[in-house]
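This report goes through selected parts of one protein model: two helices, several single residues, a pocket and a cavity. The model is shown first.

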Amino acid sequence: MKKILFSLAVIFAAIQALAAGWPANYDGVMLQGFSWDSYNDTKWSVLTSQADELSKYYNLIWVPQSGNCQGTNMGYSPVWWFNQSSSFGNESELRNMIKTFKEKGTGIIEDVVINHRNGKSNWCDFPTETYKGNTMSWTMADICRNDECANNGYKPTGAYDTGENFDGSRDLDHTSANVQKNVKLYLDYLLNDLGYAGFRYDMVKGYGPAYTKIYNESAQPQFSVGEYWDGSYSAVTGWIKNTGYNSAAFDFPLKYVINRAFGSGNWSALSDKGVAGDPNNNRYIVTFIDNHDTYRNNDRLSNNVLAANAFILAMPGTPCIFQPHWKIYKSEIGNMILARKAAGITNQSSITEQGTQGGGYVMKVQGSVGTVMLILGYVANANTEGFKLVSTGDNFAYFVSNNVEIGGTTDPTEKKDITVNINASKAPYLYAWTGSSTPVSAAWPGDKLSKTTTTKDGKVWYTVTYKASSINLVINDGATNQTGDINGVTDNIYLIYDGASGYQNVTSSYDENATTSLPDCAKYINGHYFCYFEGNATYSSPNAWIWNDATNFTGGTWPGQALKEVGKASNGNKVWLWDGGEIATTMPTGVVFSTGSGSPQTSDFAYVNGGYYGPAGLIGEVKNGTTPLKGDVDANDTIDVSDVTALINQILGGSNYDTARCDIDGNGKVDVSDVTNLINLILAQ
C-alpha cells in the first residue's frame, strides 16, 4: 500500500513538473501596474519612464488588456484583438514599453479577456481581423446560446455556457472550434509578436478550466494566472487542477483571510494560510492584498495595509503588489522585496514557524540562502537574535537572518527629523509613536504644542519635531475629541485640525518636496470649468458656490449647485465633482463648498480650475499629463480671438489660467507683451 501511495505521489509531482503554468521555485515578485481608471497615471509611456526603478524590484508587471475597445475603457469590454490602440497608449508605445522592460529583465503580463467580447457597432458584430495570413471571422454560432443577447433580438446558436454568465458583453462559446482557433492565434500574437511574457486570464469562472489548458498548451506561456474569484480553497485549487496545472491562480482565499486578520488586528485568523500555505499548491498561487476590482468595493483592505504587504512578501507563492500601495510605500516595500530575494524565498519555500504570541503573531519562512521572520502586532520580548531588521511600520517588523547580504536597501532604523505642523484654532495635543508602539511624545494625550511658525500665506502652525524613521500620530484636544490614527509619517507634514475628529493633510501646498497623490476618480476634463471636493462626514452631500466679480457660475442662488459623486479617496472619503461645462471667456476667482441648505460651509477659497479641495482648502490640482498649448489661454484646444480676451483678464487679475498657456513669449511672466505675441500667433494661422 505504501508503494502505491509513493507511486501516486511521484506521478502527481511529474504532472506538475511538466505543466507550463508557473515556474517551480520562482523567486520573482509581480506588480499590478494599474488601478481602476488610472489612465493617466499608468499609461504605457509613463510606465516606460519608470523602467529603471521598477525593474530593480519587479520581475513581472501586469498591465490592462491592450486592444482597442472603442472609447475610454479599462479593457474589460474588448472589441478588437489586433488593433493595439487603447486608453493607455498606442501600439508603438506598447511595443516600446514591452521591449524596454524586457531588456531590463522584467516581463510584461497581458490581461487576457477571452470570456466575453463586444461588437463594433451592435451587440454581436465582432470585427474580422487577419493575423499571419489567417482571417479571423465570427458568427452567431460562436456566442453561447444562453447569452442575454438571445432576449434582445439576437439568435446565438453556440453551445450552452460552460461557466458563469457575464452580462456586460457576449459570452464566447469555447466549445466552438472557431473560437478556439481564433483565441490560439490571438495568444500567439501576444507572446510572439508583441512580446508579452505571459497572461493574466480575466474571469476564468466564465468558461471551463479545460479551455485554459487547451490555450496554454498551444501558446506555451511560462507565466499564466487566472482570476478565479472565489474565497473557497477547494474551488481555487480545483480550478488549478482542472487546467492540468497549466496555470496559476490568484489566492482569493488568502485575500479574505488577510481582510479578517489585518482589517481588525485579529492575528489568530492567520492560522488559515489560504493556498499559499499549502506546499502541494503554493507553486501555482499568486498572493495579493487588493486589485483594481477589490480596491473599489467592500472587499478593500483599509487597515494595516503595509503590514499586509509585509505578510505576502514573507509568504510562499508569488507576491503581486498593487500599484496604489507601491506609490505610497515604495521605500518600505522595495526593502522587503530585495530582502525576500536575497534570502532566497520562492513560491515553494517552507513556513518553519507560525502562530500567535501574546497580542501578535510571528512567522518564519526558510529560503535557499536565509530566513525571513515577520512579527505582526505587539509581541512582548520577541526573540530576534540572529536576525536584522529590514522594514518596520504600524503593526509589523520584517527581519532577515544575519547571514543574508542585501544590496540597495535603505536603513529602516535610521532616524531623521520629522516636523509636524498643525493649523488649529487653539493649541492641540499630539500623541506620536513608532511602528513598534514606542511613544516618541509624552504619554497620552501627548505633547501640548506651543511653538508656532507662520507660512507666507499668513497661516499660523503649531509645530514640533521628532527624530524617528517613521511615526504615527493622533491629534486631540486633550479631552474627548481626537482624530483617527495618521500612520506611516516619514517626512515633514502639514495638517489642518478642526478641533474635533477631522483633519486635512495639506502637505503638498506647503512643502516644496512633497508630491500630491490624488485618487484615480479625479480626472482632467479638457476645455471645461471643473473642480473636485473631497468631503467628510460633515459634508455628506455637498454643494459648490463659484463666482468672480462679473458672474456666478453655479446658478446664482445659494447654496449653488449640487456636486456629483465620482468615487472615493484612499482614506474612504467620498470625492465629488463640479463640472461647469465649456470654458467661456473668464475664470472663476472664488469657491465655497457647503452642505444641505448651505450650512455648514467652508471658508472662501481661491478658485483653481481642476483644483482638488477638502474642507480646509486646496489639496492639489488635476493635470492632464501633457504640456499646455501655449496661446490656448482658455483651454478649449484652439487658439483664437477668445484667447486674447482671456489673456487680458488674466493680466488684470480677473482670471486664473495656467501660466504655461499665457506666457506666449516665454519670458517667465505674463504681461502686455504676451497680448501682442498672441495676436501675431493668431494672424499667422
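## Helix H8

In this predicted model, the 13 residues of H8 should span 18 Å at 1.5 Å a residue, and the end C-alpha atoms of H8 are 19 Å apart, which agrees. Asp251 caps the N-terminal end of H8, with a side-chain oxygen 3.0 Å from the backbone nitrogen of Leu254. After H8 comes Gly265, which has a positive phi near 70°.

The buried residues of H8 are Phe252, Pro253, Leu254, Lys255, Val257, Ile258, Asn259, Ala261 and Phe262. Leu254, the residue whose backbone nitrogen takes part in the cap, is thus listed among the buried ones. The buried residues pack against helix H7 (233-242), strand S10 (248-250), S11, H9 and S15.

## Asn281, in the loop after H8

The loop between helix H8 (252-264) and strand S11 (285-288) holds Asn281. Asn281 has a relative accessibility of 8%, so this residue counts as buried, the cut-off being under 20%.

The side chain of Asn281 makes a polar contact of 2.8 Å with the side chain of Asp278. Leaving aside residues up to four places away in sequence, Asn281 touches Tyr233, Thr237, Tyr245 and Val275.

## Helix H11

Helix H11 covers residues 330-343, and at 1.5 Å a residue its 14 residues should span 20 Å; the end C-alpha atoms are 20 Å apart, which agrees. Just after H11, Gly344 has a positive phi of about 80°.

H11 is mostly covered, with ten of its 14 residues buried. These are Glu332, Ile333, Gly334, Asn335, Met336, Ile337, Leu338, Ala339, Arg340 and Ala343. An α-helix has 3.6 residues a turn, so residues three or four places apart point the same way. The cover over the buried residues of H11 includes three helices and strands named here as examples: helix H9 (305-312), helix H10 (323-328) and strand S12 (318-322). Strand S15 (371-378), strand S16 (387-393) and strand S17 (396-401) are also included in that cover. Both H9 and S15 also appear in the packing of the buried residues of H8.

## His174, Ala150 and Asn96

Is His174, in the loop between S7 and helix H5 (177-194), buried or exposed? His174 is buried, since its relative accessible area is 1%. A polar contact of 2.7 Å joins its side chain to that of Tyr215. Beyond residues up to four places away in sequence, His174 touches Ile114, Asn115, Val179, Gln180, Val183, Tyr207, Tyr211 and Tyr215.

Ala150 sits in the loop between strand S6 (134-136) and strand S7 (170-171). With a relative accessibility of 34%, Ala150 counts as partly exposed. Ala150 touches Arg145 and Pro156, residues up to four places away in sequence not being counted. Asn96, in helix H4 (residues 91-103), is also partly exposed, with a relative accessible area of 41%. Between Asn96 and Leu60 there are 16 Å in space, C-alpha to C-alpha, and the two are 36 residues apart in sequence.

## The second largest pocket

The volume of the second largest pocket is about 760 Å³. Its lining has 30 residues, and those closest to the pocket centre are Lys459, Ile496, Phe605, Ala616 and Gly617.

At least two lining residues come from each of strand S25 (493-497), strand S26 (503-505), helix H12 (507-510), strand S33 (605-606) and strand S35 (617-621). By class, the lining consists of 14 nonpolar, twelve polar and four charged residues.

## The cavity

Rolling a probe the size of a water molecule over the atoms shows where empty space is left. The structure holds one cavity of 30 Å³ or more, and the largest cavity has a volume of about 30 Å³.

Which residues line the largest cavity? The lining is made up of Gln65, Gly67, Asn68, Cys69, Gly71, Asn73, Met74, Gly75, Ser86 and Ser87. Two of the lining residues are nonpolar, eight are polar and none is charged.

Technical notes:
Residues numbered from 1 in each chain as written. Heavy atoms only, no water. Helix = DSSP H or I, 4+ residues; strand = E, 2+ residues; numbered from the N terminus. Buried < 20%, exposed > 50% of the residue type's maximum accessible area, 1.4 Å probe, protein only. Polar contact = N/O pair within 3.5 Å; in protein donor to acceptor, adjacent residues only side chain to side chain. Contact = heavy atoms within 4.5 Å. Expected span 1.5 Å × (residues − 1). 1 Å grid on protein atoms, 1.4 Å probe; cavity = no way out; pocket = protein on both sides within 12 Å on 5 of 7 lines; lining within 4 Å. Points joined across faces, edges and corners; volume = space filled by probe spheres on them. Nonpolar A, V, L, I, M, F, W, Y, C, P; charged D, E, K, R; others polar.
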